[in-house]
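Colleague: Could we go through the charged pairs in this chain? Please show me the model before we start.

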Amino acid sequence: MRLPTLFIPHGAGPCFFMDWARGPADAWDKTADWLGGLIAALPERPKAILVVSGHWEAEAFTVGSSARPELIYDYYGFPEHTYRLRFDAPGAPALAGRVRELLAGAGLPAAEDPTRGWDHGVFVPLKVALPEADIPVLQLSLQASLDPALHLAAGRALAPLRDEGVLILGSGMSWHNMRGFSPAFTERSRTFDAWLTEAVADPAALARWAAAPHAREAHPREEHLAPIFLAAGAASGDPGRKVFGDEIMDVAISAYQFG
C-alpha cells in the first residue's frame, strides 16, 4: 500500500499542551482534533514516520540517526511545564541509512547526525497525532539554501519510501510571519492560502511560490514553507489537495495531502 505524503501545521510552540492566552482559548482545538485523527485516516498504519521540520537546516540534507532522540525545546516564553513535555517514540537508525542512500544516489548532498534530537516541529504535532509514541520517527533537515527545486528533487529521491510503509511529513506552517498575525493580514492570508491550495496540484507552480500574491508577507523567510516542497516532490506526480483549514490568530492556515 502506497502511503500519501503530507504538509501539516505544527502550531505555535507547545500550543496544544497549555492554556492558550494569545487569542481565544480554543484557538488551536480544530488543528489538534485534525492532527489527532491523522494516523487513523491513512490507508494503513505507517511502519515509520519521516518528518522534515522547518526548524532544522543544514548544508547537506541531514538525517538524525539516534536510536533514542532527545527533545529540543526550541520555543521561548511559554509555561514552565511545556519544557518538561515528553515524546518517547523510538528513532529509526536503519531507516536513516536508507534515507541517506536514496539522497546520495540522486546526487544530492546527504549526511547523518547521530546526536541531534527532535525539535518542536517534530514532537509537538506528533505528540498529538501519535500519543502512544509507538511508531519509529526520524527527522530530516532542510538544506540551508531553502531552494524549492532542490527540495522537490530530494522529495523525488525519497519517494520509494512511500511503498515501504514510511509516512513522509512536512511540518511547518502555511502562513508564518511573526508580525503578520492580526486582522490587518486576514484577507491577505486568505488570498495566499487560495493560491497555495491551487498550486499543490502542480509542483512547478510551487517552485515559483515567491511570485504568489502576498508571498513574502506569508513567509518573510520560507523555512516554514519549504517542507511542502519535499512532500510534493515525494508525491511522484500525485496531485495535492487541502485536507484541513482554519483561521487562527486572524490568518488562514492549511494542511495538504499528496496522493
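Modeller: Certainly; please bear in mind that this is a predicted model. One pair to begin with is Glu-187 and Arg-190, which form a salt bridge with their closest N and O atoms 2.4 Å apart.

Colleague: Where do Glu-187 and Arg-190 lie?

Modeller: Both belong to helix 5, which covers residues 186-199. They are three residues apart, about one turn of the helix.

Colleague: Is Arg-190 buried, partly exposed or exposed, and why?

Modeller: Arg-190 counts as partly exposed because its relative accessibility is 37%, and the partly exposed class lies between 20% and 50%.

Colleague: How many salt bridges are there by this rule?

Modeller: The count comes to 14 salt bridges. Among them is one between the side chains of Arg-2 and Asp-163, at 2.9 Å from N to O. This pair links distant parts of the chain, 161 residues apart. Arg-2 is in the segment before strand 1 (5-9), and Asp-163 is in the loop between helix 4 (148-158) and strand 6 (166-172).

Colleague: And how accessible are Arg-2 and Asp-163?

Modeller: Arg-2 has a relative accessibility of 43% and therefore counts as partly exposed. Asp-163 is also partly exposed, with a relative accessible area of 43%.

Colleague: What about Asp-134 and Arg-45?

Modeller: Their side chains meet in a salt bridge, with an N to O distance of 2.7 Å. Asp-134 sits in the loop between helix 3 (120-129) and strand 5 (137-143), while Arg-45 sits in the loop between helix 1 (29-36) and strand 2 (48-58), so the bridge ties together parts that are 89 residues apart in sequence.

Colleague: Are Asp-134 and Arg-45 buried or exposed?

Modeller: Neither class applies, because Asp-134 is partly exposed at a relative accessible area of 44%, and Arg-45 is partly exposed at 43%.

Colleague: Which residues are linked in a network of salt bridges?

Modeller: Glu-57, Arg-221 and Glu-223 are linked in such a network.

Colleague: Changing topic: where does Gly-245 lie, and what does it touch?

Modeller: Gly-245 is part of strand 7, residues 240-248. Leaving out residues up to four places away in sequence, Gly-245 touches Ile-253 and Ser-254. Gly-245 is partly exposed, its relative accessible area being 37%.

Colleague: And how far is Gly-245 from Glu-222?

Modeller: The two are 23 residues apart in sequence, and their C-alpha atoms are 20 Å apart in space.

Note on methods
Residues are numbered from 1 along each chain as its sequence is written. This is a predicted model: local features need pLDDT of at least 70, side-chain atom pairs count only at pLDDT 80 or more; totals for chains, interfaces and linings use all residues. Side-chain values use heavy atoms; hydrogens and water are left out. A salt bridge is a side-chain nitrogen of Lys or Arg within 4 Å of a carboxyl oxygen of Asp or Glu. Helices (H or I, at least four residues) and strands (E, at least two) are DSSP runs, numbered from the N terminus. Buried means under 20% relative accessible area, exposed over 50%, partly exposed in between (1.4 Å probe, protein chains only). Contact means heavy atoms within 4.5 Å.
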